[in-house]
Amino acid sequence: MCSVISGLRPAQRALAVTLRLRASTEGSRYAAAESRRFCPGGSAGTDPLRATSRSYCSRMAGLLFRQLFESESSTYTYLLADTETRDAILIDPVLETIDRDLKLVNELGLNLKVAVNTHCHADHITSTGLMKKRLVGLKSAISKFSGASADIFLSEGDKITFGKHYLTVRETPGHTDGCVSLVSGDQSMVFTGDALLIRGCGRTDFQQGCPKSLYESVHQKIFTLPDHCLIYPAHDYLGQTVSTVGEERKFNPRLTKNLEEFVNIMNNLNLPKPKKIDISVPANLVCGVHQV
């Protein structure tokens with residue numbers, strides 16, 4: 001390139017150098033943009049909505065992360081593990097996919113320590129009870145306000161540890177009294193259960209549901225997290241996998257409304273009840289082992 005430029009006339013040479021520098025600068029900007037796109041939160045001072053497009057990247061070094069899906073109830077199950085100690089936790093496992101989940105744990109050589117439910121589900125039966133029968137030492141966890149049985153009862157500020165990593169419990173009632181959200185140690189990820197969905201939220205018309213409580217939970221416990229924090233919900237019905245706090249604070253069609261408008265929306269959804277509610281809730285109150 002240098003020999004080609006040197007052979008040009010002065011005016012042409014100046015133009016060529018300018019174009020070359022511009023291309024180099026634009027290339028650097030593009031590389032930086034791509035870096036931010038795939039590793040959100042890595043650069044201070046950027047627009048959180050532009051710097052955090054859909055991504056599975058966390059800033060937590062040594063973290064293994066898998067997002068799994070159960071199609072009948074559109075439930076996401078999350079597997080997290082410390083890559084050094086191999087200690088792992090599982091969030092919101094579903095009975096129908098217990099074999100898949102245990103196979104993955106075995107293939108990855110993980111030591112599954114805790115299976116935690118973000119709340120007492122109404123649309124599917126948890127696999128935690130049956131999983132405990134198949135994995136020695138596995139413990140179940142759920143909110144102390146859920147009314148369900150478990151080995152570990154979770155409260156505000158509790159930490160669920162796996163190796164050098166941990167998730168912090170934030171109580172987020174409203175969908176049910178026993179809903180919790182789980183925040184990674186560096187606040188780069190939050191698992192919101194049914195409290196906050198992607199461009200939506202959990203319904204509030206059964207199981208102690210309360211629109212006012214849900215609105216306050218989301219605004220006080222989730223929307224106070226950093227804009228770049230990735231949101232991983234318990235469900236999605238449109239194929240969406242992840243959002244961010246910044247996105248939901250700006251674009252969520254329900255939770256961008258004021259409290260009165262939100263309550264009115266939630267009280268007039270007129271949704272049919274979940275198909276499995278009559279079997280799921282009784283089963284989940286006893287860790288998913290009722291009549292299994």
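Begin with the lining of the largest pocket, which by class is made up of 11 nonpolar, 6 polar and 10 charged residues; the model on screen is a predicted one. To centre the view, select Asp123, Leu197, Arg203, His235 and Tyr237, since of the 27 residues that line this pocket these lie nearest its centre. The volume enclosed by the largest pocket comes to about 660 Å³.

Turn next to the enclosed spaces, of which a search of the whole structure returns 2 cavities of 30 Å³ or more. The largest cavity has a volume of about 50 Å³, and to display its surroundings you can select Ala115, Asn117, Thr126, Thr128, Ser140, Ala141, Ile142, Ala148, Ser149, Ala150, Asn284 and Cys287, the residues that line it. Colouring this lining by class shows 6 nonpolar and 6 polar residues, with no charged residues. If you then highlight strand S5, residues 139–143, you have the element that contributes the largest share of the lining of the largest cavity, namely 3 residues.

For the last stop, select strand S8, which runs over residues 165–171, and pick out Thr168 within it. Thr168 has a relative accessibility of 17%, and it therefore counts as buried, the cut-off for that class being under 20%. To see what surrounds Thr168, leave aside its neighbours within four places in sequence and show the residues that remain in contact with it: Gly157, Asp158 and Lys159, together with Ser181, Leu182 and Val183.

Methods:
Residues are numbered from 1 along each chain as its sequence is written. This is a predicted model: local features need pLDDT of at least 70, side-chain atom pairs count only at pLDDT 80 or more; totals for chains, interfaces and linings use all residues. Side-chain values use heavy atoms; hydrogens and water are left out. Helices (H or I, at least four residues) and strands (E, at least two) are DSSP runs, numbered from the N terminus. Buried means under 20% relative accessible area, exposed over 50%, partly exposed in between (1.4 Å probe, protein chains only). Contact means heavy atoms within 4.5 Å. On a 1 Å grid over the protein atoms alone, a cavity is a set of points where a 1.4 Å probe fits but cannot get out, and a pocket is an open set with protein on both sides within 12 Å along at least five of seven lines; lining residues have an atom within 4 Å of a point. Grid points are joined across faces, edges and corners, and a volume is the space filled by probe spheres set on the points. Ala, Val, Leu, Ile, Met, Phe, Trp, Tyr, Cys and Pro count as nonpolar, Asp, Glu, Lys and Arg as charged, and the others, Gly among them, as polar.
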